[in-house]
Amino acid sequence: MARFAVRRLLGMAAVLFAVSVLVFVIFNVVPNADPARQLAGRSANPQLVASITDEWGFDEPLPRQYLTMMGNIFSGKVVSYETRENVDERIVEGIPETFSLCIGAAVIWLFFGILFGYLSAVRAGGWLDRALTVVAVTGISIPVFWLAAILLNYLTYKLELLPSGGYVPLSENPLEWARHLILPWVTLAVVYVGFYSRVLRSSMLDAMDEDYVRTARAKGLSERRVMTRHVLRNSLVPIVTLFGLDFGALLGGVIVVEGIFNINGIGQYAYESLLNLDLPPIMAITLFGAFFIVLFNSLVDIAYAYLDPRVRLGESAS
Amino acid sequence: MAGRSPWYLAYRRLRRNRVALGFGVLFALIVAFVLAAPLWANGVADTGPNATHTLERVEVDGESREVVNREGKPVGPLWFGAGGKFFLGADGRLGRDEMVRLMYGGRTSLFVGVVASLITVLLATVLGLLAGYRRGWVDTLISRALDVVWAFPVTLLAIALGLALATGGLQIGPLHLSGDSIWVPILIIGVVYTPYVARPVRGEVLALREREFVEAAVAQGAGSIRVMVRELLPNLASTLIVFFAISVANSMLLESLLSFLGVGVQPPNTSWGTMIAGGFELITSSPQLTVVPGVLLLLTVLAVNVFADGLRDALDPRAKLRLEAHAGAPEPEGHAV
Amino acid sequence: MRKPQAALVLALLTIVAIGVSSCGGSGGKEGGTLHGTYASFPELDPTINFTAEGLTAMYNTYLPLYTYAHADGQAGTEVVPALAEDLPKISKDGKTYTLTLRNGLEYSDGTPVKASDFPASIERAFKLNSYGSSFYAAIVGAEKFAETKSGGIPGIEADDKSGEIVIHLTKPRGTFVNELALLYATVLPAGTPAKNLTDNPPPATGPYAITKVERGRAWSYERNPAWEKTNGELMPDLPSGHVDKIEIDVVRNKATSVNEVERGKSDWMQSILPADLYSKVKGKYEGTQFRVEYPLNTYFFWMNVSRPPFDDLKVREAVNYAVDSAALERIYSGALVATHQILPEGMPAYQAFDLYPHDMAKARTVLEEANPSDREVTVWTDNESPNDEAGAYYADALEKLGFDVTLKTINADVYFQTISNPETADLDTGWANWFPDYPHPNAYFQPNFAAENIGYTNLSHIDEPKLDAKIAKLGEEQLGPQQEDEYAEMDREVMEMAPWAPYGTNTVSTFVSSEIDLDKVIFNPTFGQDLTSFQFK
């Protein structure tokens with residue numbers, strides 16, 4: 001078990017290394033990406049460009065620049081090209097907002113996803129099942145940014161029911177905190193609710209065939225007990241797996257939602273930095289995001305291995 | 001039903017699934033709608049998707065109206081008031097015909113979605129087969145590479161690639177793609193989604209390779225490639241078909257997101273994503289410019305998703321039988337899932 | 001905190017809150033708290049910032065030796081003394097500037113302002129590779145300092161005892177006083193570190209000091225104690241401001257800001273209005289809460305004169321005839337003022353003329369006379385609305401004119417770097433705008449038309465030695481009536497060469513809540529709304 005975990009950790013590190021190199025390459029080797037000119041701004045002149053090249057070391061060989069930047073990121077000294085602010089600090093500042101957004105949305109999608117999935121499975125084939133399926137599939141099919149735009153327009157401008165964005169810290173005013181985050185939460189959760197309810201439904205229907213269910217019924221347990229105690233619990237395994245993967249990868253979805261709803265989290269920072277071709281924050285944020293994905297992936301794998309010895313001893317199939 | 005091929009059985013099951021068929025027809029209608037773009041553009045609206053009409057006027061029921069008024073507000077839907085011109089109104093301050101753009105934009109969105117998915121499935125099949133069947137260092141190499149792409153937050157990677165390539169284009173050896181080529185977003189989306197399909201494919205290959213028919217083929221002296229193509233591939237077919245359909249839905253959504261952010265489809269090409277972005281500017285005064293392309297995109301993706309479900313059910317009968325058993329009386333009518 | 005203490009604090013806070021809110025709301029003319037919104041967060045370090053938003057934010061906080069007059073329109077383009085006692089004495093050869101620092105000035109943290117703070121501040125600009133540092137490169141020793149970042153700048157002499165400052169230039173520079181009045185030359189304490197101080201802004205010399213900064217989200221101002229104590233008396237010509245506190249929030253969604261100002265939740269929005277609300281707001285509030293303002297700028301289409309087909313003068317003339325400002329007015333939702341020349345109205349030396357009134361038929365005729373063989377043209381534009389639409393319109397107009405056009409839309413954050421980069425292929429023509437760094441005609445002509453700026457700000461790659469010589473000569477002279485006439489003539493001459501097809505000046509607006517006296521708000525053409533002019537009714 002321990003060896004497996006150690007191997008996974010080494011694998012994680014290798015993957016993160018590869019990700020960082022990939023980002024570096026994308027933004028350096030691609031044509032028209034002269035960072036000195038980018039920094040010098042619109043009205044650059046030769047002296048300024050030369051000065052900047054000198055200051056940041058853009059004329060050094062690429063591998064050297066890469067090492068310098070990585071060193072800076074891990075020592076907490078990395079500084080943005082564009083604004084010269086400390087990138088790591090800004091990322092840390094953005095954590096409460098991004099996490100509020102992610103965790104809130106996750107709670108919502110888990111709750112509704114499991115609820116809808118459960119109801120669909122229990123009433124399989126009936127009208128409730130169909131209705132919930134329609135909701136679920138529609139949820140999966142909605143373009144998130146479009147939904148955000150529509151909700152903003154009708155719920156915020158036209159009807160003035162909810163604020164159009166911004167962030168109120170939880171410590172300051174929990175009610176406002178929630179009120180400001182409801183639209184972003186819903187926007188982010190909609191797709192996952194749909195997806196999870198269908199996965200759970202499918203998984204529960206699979207489980208309902210299993211022997212232990214028949215046994216439980218034979219023992220005289222109520223249908224409800226059978227469903228919740230046995231079927232649901234065992235059907236949650238794929239949900240847990242999926243959740244691990246999805247939550248880890250949430251940074252991507254958060255980029256758009258934060259932008260539209262004016263939330264100054266890491267996603268917003270990522271988006272600004274991308275547009276400015278500001279490599280240091282892009283690197284740092286990508287590594288941050290990749291770290292989470294890899295971490296959650298590994299946790300899920302380790303959990304799998306723990307549960308299923310065949311997987312641990314053979315080659316992992318995931 | 002002795003003697004019937006599994007494909008025929010699948011086809012029969014699909015036929016019984018009314019809902020999936022219904023959405024399949026919806027999808028076909030949408031495809032027909034966008035394919036009719038040149039007909040509408042030349043025959044009815046008399047304009048192309050990029051032709052601007054900022055200073056022109058249009059005759060509506062006898063009165064002459066500005067296509068774009070002095071404050072930049074575009075004319076709203078005219079329906080057939082001007083003979084079909086500006087059926088859905090003008091698209092903004094450039095005065096382009098929204099209906100024409102909707103149709104041409106749909107072509108682009110569908111094209112990007114379908115072709116990107118083909119690339120995804122193709123790459124995923126090749127990589128999954130190689131990794132799953134050959135194992136060893138090939139597997140390790142491919143799996144690690146997939147891990148790296150997987151580790152990259154999808155949207156971040158797609159935006160980063162889109163940005164980088166939009167400016168300078170892409171050079172692969174002798175092949176040069178300019179930054180605004182439609183192939184840039186297609187390739188990006190195709191590659192970015194590959195790990196999500198390649199991994200399950202690899203998993204299935206791992207399972208299949210232990211089966212008897214594979215052993216038999218190997219015993220008969222079949223080489224790796226033969227085994228992969230002749231034995232494994234046909235058994236993957238149903239999975240691949242379903243993945244393809246789901247990929248189309250996801251690819252269309254990703255394309256619209258990238259285009260909305262300005263790093264997907266580039267002008268002069270239009271897609272529903274770029275139209276939503278353009279409409280967003282004018283959302284308070286002309287909401288139809290945002291709502292209509294979005295609804296169309298939603299319907300298309302929905303249709304694809306539902307049909308994909310139907311395909312999955314048709315190709316995997318266990319799910320269907322189980323459903324019928326639990327619902328009580330067997331229902332030959334279609335189920336949504 | 002224990003309960004009784006907490007209750008006491010709560011009570012105190014409530015009393016203070018009531019006090020503050022009644023100050024702002026119930027009609028006191030002086031005092032109150034101004035609530036404003038910006039759509040983006042500017043760098044709040046005066047030496048680093050180069051955005052218009054930052055200028056508006058720091059105009060009344062950080063004072064250089066000189067500043068621009070707190071007035072609207074052309075009156076606001078005049079340079080007046082700030083921390084310096086008077087306009088400088090300039091030697092006959094134009095290379096030596098002598099001035100005296102006012103005696104008794106203080107920073108907001110109580111430390112006195114010393115003459116030696118000035119050269120240290122200029123050095124800081126070079127150390128930070130600030131965009132504005134190029135304006136001071138003409139000071140003796142500055143270029144060497146820019147490279148080595150050590151050894152000081154010998155060309156600036158500062159005597160702390162007498163307050164006298166002498167600046168030696170390598171050659172005469174007629175725009176130097178204008179450049180000394182920019183925020184890049186803000187006088188900051190000598191030890192101020194050479195890094196971005198936005199999170200903890202340096203001490204202020206103006207009437208309002210920045211007190212709290214939440215990066216990316218908000219910042220606020222309070223009255224600068226140093227101003228009340230001494231600076232205000234020493235600089236009686238500079239306004240002290242009416243409101244006591246200013247709180248700014250960053251609200252990226254402009255429609256939200258409009259909503260807030262309409263409801264009175266916000267007193268002022270700094271950014272432009274979103275396009276689809278512009279005409280509605282203008283129609284409803286013009287004169288009472290809304291006013292159109294005219295910053296100095298020109299929006300134009302540049303043409304690369306170094307390659308076909310735009311190397312032919314007649315082709316460029318045809319393009320000028322083909323561009324229709326009426327169409328572009330609509331594209332800018334009515335916020336554009338049409339113009340067909342380089343200098344905008346409100347700029348010193350501006351004299352109106354129009355060499356190429358719109359005439360599509362004439363455009364076609366002129367083009368046929370030129371009959372260029374190369375009709376393949378790439379049009380460049382950025383992806384921000386409405387500039388992308390202006391670019392699309394231009395591409396369409398060129399098509400109608402008879403060219404075979406490819407439109408390339410580039411991300412706004414890298415657009416100018418891309419089109420100025422000589423390595424970019426197919427740089428034929430495209431959209432651009434120009435906001436002069438300061439209100440002096442040379443700030444238009446030198447960057448855009450001097451040959452040395454090809455590959456940087458000279459987008460049309462124009463290389464005319466006679467024009468260069470004239471720009472250099474006028475650049476060395478102080479701006480007087482004769483120079484103004486010569487600049488006006490240069491405007492015509494350049495338009496006769498037609499490297500650009502200018503189409504308009506973009507306006508911005510002042511939009512305030514009903515509690516603010518709109519008539520009192522001053523809009524300086526370079527620095528935007530003047531925070532000292534905001535007053536509650």
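## Exercises on a predicted three-chain region

A:Asp54, A:Asp59, C:Glu143 and C:Glu147 together make a negative surface patch. This is a predicted model, in which local features need pLDDT of at least 70, side-chain atom pairs count only at pLDDT 80 or more, and totals for chains, interfaces and linings use all residues. Residues are numbered from 1 along each chain as its sequence is written, chains are lettered from A and ligands numbered from 1 in the order in which they are written, and side-chain values use heavy atoms, with hydrogens and water left out.

**Exercise 1.** Work out where A:Asp54 lies and whether A:Asp54 counts as buried or exposed.

*Solution.* Start with the patch rule: members have over 30% relative accessible area and no salt bridge, with like charges joined within 9 Å and nonpolar side chains (Val, Leu, Ile, Met, Phe, Trp, Tyr) within 5 Å. A salt bridge here is a side-chain nitrogen of Lys or Arg within 4 Å of a carboxyl oxygen of Asp or Glu. Next, find A:Asp54 in helix H3 (residues 46-56) of chain A; helices are DSSP runs of H or I with at least four residues, and strands are E runs of at least two, numbered from the N terminus. Now the cut-offs: buried is under 20% relative accessible area, exposed over 50%, partly exposed in between (1.4 Å probe, protein chains only). A:Asp54 has 56% relative accessibility, so it counts as exposed.

**Exercise 2.** Find the edge strands of the seven-strand sheet in chain C.

*Solution.* Write down the order first: S8-S9-S10-S1-S11-S19-S12, an open sheet with mixed pairing. Strands S8 (208-214) and S12 (290-293) of chain C each have a single partner strand, so one side of each lacks a neighbour in the sheet. Then check a pairing, which takes at least two DSSP bridges: S8(C) runs antiparallel to S9 (residues 218-223) of chain C over six bridges. One residue to look at is C:Val213, whose bridge partner in S9(C) is C:Trp219.

**Exercise 3.** Compare the surroundings of B:Trp79 and C:Ser333.

*Solution.* Take B:Trp79: phi is near 50°, positive in a residue other than glycine. B:Trp79 sits in the loop between strand S2 (63-66) and helix H4 (98-134) of chain B, and at 48% relative accessible area B:Trp79 is partly exposed. C:Ser333, also not a glycine, has a positive phi of about 55°. Its loop runs between helix H10 (325-331) and strand S14 (336-338) of chain C, and with 4% relative accessible area C:Ser333 is buried.

Definitions and conventions:
Areas by Shrake-Rupley, 256 points an atom, 1.4 Å probe, with all protein chains shown as cover. Lys, Arg positive; Asp, Glu negative; His and termini not counted. Charge placed at Lys NZ, Arg CZ, Asp CG, Glu CD.
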